[in-house]
Amino acid sequence: MSGSFAPDSLVLNRKLPLWYQVSQSLRASILGRPTDAPLRLPTEDTLAGHYGVSVLTMRQALKELETEGLISRHRRHGTFIEPAALRGAPVRLLGSVDAIVAQQSGERATLLGPGPALVPVPAELAEYFPGTAEVVRYRRLRFDEAGEPVNWADNHVLPELADRIDVTDLESWPMVKVLRDRLGVRISRITDTVEARLAQPETAALLRVPLLSPILHYTGIVHDESGRVVDVARIRYRGDRFSFTVTMEAPG
């Protein structure tokens, strides 16, 4: 793929539509790309080989990204990432880890406070960390390309994993991508909860919204292949910037 954009690898889940998994993986790669990454995508054949899918499946995945406005396709010239593509796209909860990565990619994040902190397990999270007294907390504020805050998050991660995390990765990558792609954690599932809440003083100040205005509160419980919870993410989204879409696929 020399001279063209190099997407991340993907482990396919045969229980989910292949085109959807590929589109979400490629979307995450595009939104989380370095600023100096090439804009030209490899050919359909090359991408299909990279992901291990048919050209027809790859074409369907690319069509999804083209509809979203992330890429443009030019006959005889190739497929290109749109440099001005909107990064604060609607959050989609569609059933794959790559969807979660794609949801949280693209915004630049700033670590809040002095940095990662070893803290007692919060009482409301104790059920997820049985037998664990302390976890490492990360707090981050994410901004869009115009410099406006769009969400802020805290993650509570097992200390033995936090010891291996390079915090600079968290400036552009969501925690689940760092755990999976940097640390090699084999993630089996993420349990999501989304609810409407009112902005409390800290959230209102960080997101620059009125006190008690509506926000979307997301909680993601990340399990490894043994079923152990390795990370609990809590993200507060500005209610005026995001919507959530859930799609249910009928069995084929």
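# Side-chain contacts in a predicted model

Across the whole structure, a search finds one aromatic pair. The partners are Trp 19 and Tyr 20, whose ring centres are 6.2 Å apart; because their planes stand at 80°, the pair is edge-to-face. Trp 19 is partly exposed, with a relative accessible area of 22%. Tyr 20, in contrast, is buried, at a relative accessible area of 5%. The model discussed here is a predicted one.

## Nonpolar core and surface patch

The largest nonpolar core contains 32 residues, and the members that touch the most others are Phe 129, Tyr 138, Leu 161, Ile 165 and Leu 179. At least two core residues are supplied by each of the following elements: strand S6 (134–143), strand S7 (149–157), helix H5 (159–162), helix H6 (175–182), S8, strand S9 (214–224) and strand S10 (229–238). Of these, S10 gives the most to the core, with five residues.

Nonpolar side chains also occur at the surface. Leu 198, Leu 211 and Leu 212 form a nonpolar patch there, and together they have about 300 Å² of accessible area. Leu 198 belongs to strand S8, which spans residues 187–198; with a relative accessibility of 49%, Leu 198 is classed as partly exposed. Leu 212 is located in the loop between H7 and S9 and is likewise partly exposed, with a relative accessible area of 48%.

## Salt bridges

Side chains of opposite charge can pair when their charged atoms come close. A search of the whole structure finds 16 salt bridges. Three of them are listed below.

| Salt bridge | N to O distance |
|---|---|
| Arg 73 and Glu 44 | 2.2 Å |
| Arg 238 and Glu 148 | 3.7 Å |
| Lys 177 and Asp 181 | 3.0 Å |

Which parts of the chain does the salt bridge of Arg 73 and Glu 44 link? Arg 73 lies in strand S1 (residues 71–74) and Glu 44 in helix H2 (residues 44–51), so that distant parts of the chain, 29 residues apart, are linked by the pair. Arg 73 is partly exposed, having a relative accessible area of 27%. Glu 44 has a relative accessibility of 19% and counts as buried, because the limit for that class is under 20%.

The salt bridge between Arg 238 and Glu 148 has its closest N and O atoms 3.7 Å apart. Because Arg 238 lies in strand S10 and Glu 148 in the loop between S6 and S7, the pair ties together parts that are 90 residues apart in sequence. Arg 238 is buried, with a relative accessible area of 10%, whereas Glu 148 is partly exposed at 33%.

Lys 177 and Asp 181 are both in helix H6; being four residues apart, they are separated by about one helical turn. Is Lys 177 buried or exposed? With a relative accessibility of 4%, Lys 177 counts as buried. Its partner Asp 181 is partly exposed, with a relative accessible area of 35%. Elsewhere, Glu 124, Asp 154, Arg 234 and Arg 236 are joined into one network by salt bridges that share partners.

## Charged groups over aromatic rings

Lys 177 takes part in a further contact: its charged end sits over the ring of Trp 173, at 4.6 Å from the ring centre. A contact of this kind also involves Arg 236, whose charged end sits over the ring of Trp 152, 4.0 Å from the centre. Arg 236 thus appears both in this contact and in the salt-bridge network.

## Backbone geometry in the H7–S9 loop

Most residues other than glycine have a negative phi, and most peptide bonds are trans. Which residue in the loop between helix H7 (201–207) and S9 can be examined in this respect? Arg 208 is found in that loop, and its phi is positive, at about 60°, although the residue is not a glycine. Arg 208 is exposed, with a relative accessible area of 52%.

Leu 212 also has a positive phi, of about 65°, and is not a glycine. Leu 212 lies in the loop between H7 and S9, and is one of the residues that form the nonpolar surface patch with Leu 198 and Leu 211.

Technical notes
Residues are numbered from 1 along each chain as its sequence is written. This is a predicted model: local features need pLDDT of at least 70, side-chain atom pairs count only at pLDDT 80 or more; totals for chains, interfaces and linings use all residues. Side-chain values use heavy atoms; hydrogens and water are left out. Rings of Phe, Tyr and Trp (its six-membered ring) pair if their centres lie within 6.5 Å; planes under 30 degrees apart count as stacked, over 60 as edge-to-face and the rest as tilted. Buried means under 20% relative accessible area, exposed over 50%, partly exposed in between (1.4 Å probe, protein chains only). A charge sits over a ring if NZ of Lys or CZ of Arg is within 6 Å of the ring centre and within 35 degrees of the ring normal. Patches are made of residues with over 30% relative accessible area and no salt bridge: like charges are joined within 9 Å, nonpolar side chains (Val, Leu, Ile, Met, Phe, Trp, Tyr) within 5 Å. Accessible areas come from the Shrake-Rupley method with a 1.4 Å probe; for residues, only the protein chains shown count as cover. A salt bridge is a side-chain nitrogen of Lys or Arg within 4 Å of a carboxyl oxygen of Asp or Glu. A nonpolar core is a set of buried Ala, Val, Leu, Ile, Met, Phe, Trp, Tyr and Cys residues joined through side-chain atoms within 4.5 Å.
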